Amino acid sequence: MTVLERYAEIEAKMAKAAAEAAREDGGAELVAVSKTFGPEDILPVIEAGHRVFGENRVQEAEGKWPGLREKFPGIELHLIGPLQSNKAADAVALFDVIETIDREKIARALKAEMDKQGRQLTCYVQVNTGLEPQKAGIAPADTARFVAFCRSELGLAVEGLMCIPPADENPGPHFALLRKLARESDVAKLSMGMSGDFETAIGFGATSVRVGSAIFGSR
Ligand SMILES: *Cc1c(COP(=O)(O)O)cnc(C)c1O
């Protein structure tokens, strides 16, 4: 199958999962994760009308997206990988949504850059639902406090929560936990679900799913 055929198949599977879950909001948005793939792989998806993409490294994204953006208006770029403070300026300049805010230092650095550049980005807080030591994200028990800090102390527009469940566990309880944490903090958006579990995530109320290899192929 071509990239375009796989893209169409994912869109169809997402619609089916939304219908099966009786989602009245129309289901989830697709963030097409294009990390490690070049413009030649991404182009067919853009030409098919898709505009929302995810990248996990600032530097890699800087190498391919400015050129694509110039040719195709309306691209919305999500940062879905860990961010270091020294890359905050570059991230704010290039991305539209930062999904991986998980500590005060990076929240402060992003806010300072947004003010400096006059660009207020949409922010998501990443939650480490499995409390995995090697994984980024705020602990579930600290999420409400951290979201409140980002909003009231810094004035960041926290619109969503994001999680990556442990690879070897049933993701359902993690998606349910993220949804519960979002409700507690009055957060509207839920970024959850990847190639292997996006249909499950849609059943648990994902407002966006991050799908890479199922569209672009294995990395
Ligand atoms: C790579 C990545 C994805 C996409 O993963 P696939 O399994 O290829 O769909 C989603 N979310 C994050 C945070 C990623 O780094």
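Reader: In which helix does Ala 18 lie?
Author: The model is a predicted one, and the place of Ala 18 can be read from its secondary structure elements. Residues 3-20 form one helix, and Ala 18 lies in that element, helix α1.

Reader: Does Ala 18 count as buried or exposed?
Author: The relative accessibility of Ala 18 is 6%, and the cut-off for a buried residue is under 20%. Because its value falls under that cut-off, Ala 18 counts as buried.

Reader: Leaving aside its neighbours within four places in sequence, which residues is Ala 18 in contact with?
Author: Contact requires heavy atoms within 4.5 Å, and neighbours within four places in sequence are left aside here. On that basis, the partners of Ala 18 are Arg 23, Gly 26, Gly 27 and Ile 202.

Reader: Which helix gives the most to the largest nonpolar core?
Author: The largest nonpolar core has 63 residues, and those touching the most other members are Phe 53, Trp 65, Phe 95, Ile 101 and Ile 215. With six residues, the helix that gives the most to this core is α1.

Reader: Where is Asp 186 found?
Author: Helix α7 covers residues 172-184 and strand β7 covers residues 189-191. Asp 186 is found in the loop between α7 and β7.

Reader: Does Asp 186 count as buried or exposed?
Author: A residue is exposed when its relative accessible area is over 50%, and the relative accessibility of Asp 186 is 65%. Asp 186 therefore counts as exposed.

Definitions and conventions:
Residues are numbered from 1 along each chain as its sequence is written. This is a predicted model: local features need pLDDT of at least 70, side-chain atom pairs count only at pLDDT 80 or more; totals for chains, interfaces and linings use all residues. Side-chain values use heavy atoms; hydrogens and water are left out. Helices (H or I, at least four residues) and strands (E, at least two) are DSSP runs, numbered from the N terminus. Buried means under 20% relative accessible area, exposed over 50%, partly exposed in between (1.4 Å probe, protein chains only). A nonpolar core is a set of buried Ala, Val, Leu, Ile, Met, Phe, Trp, Tyr and Cys residues joined through side-chain atoms within 4.5 Å.
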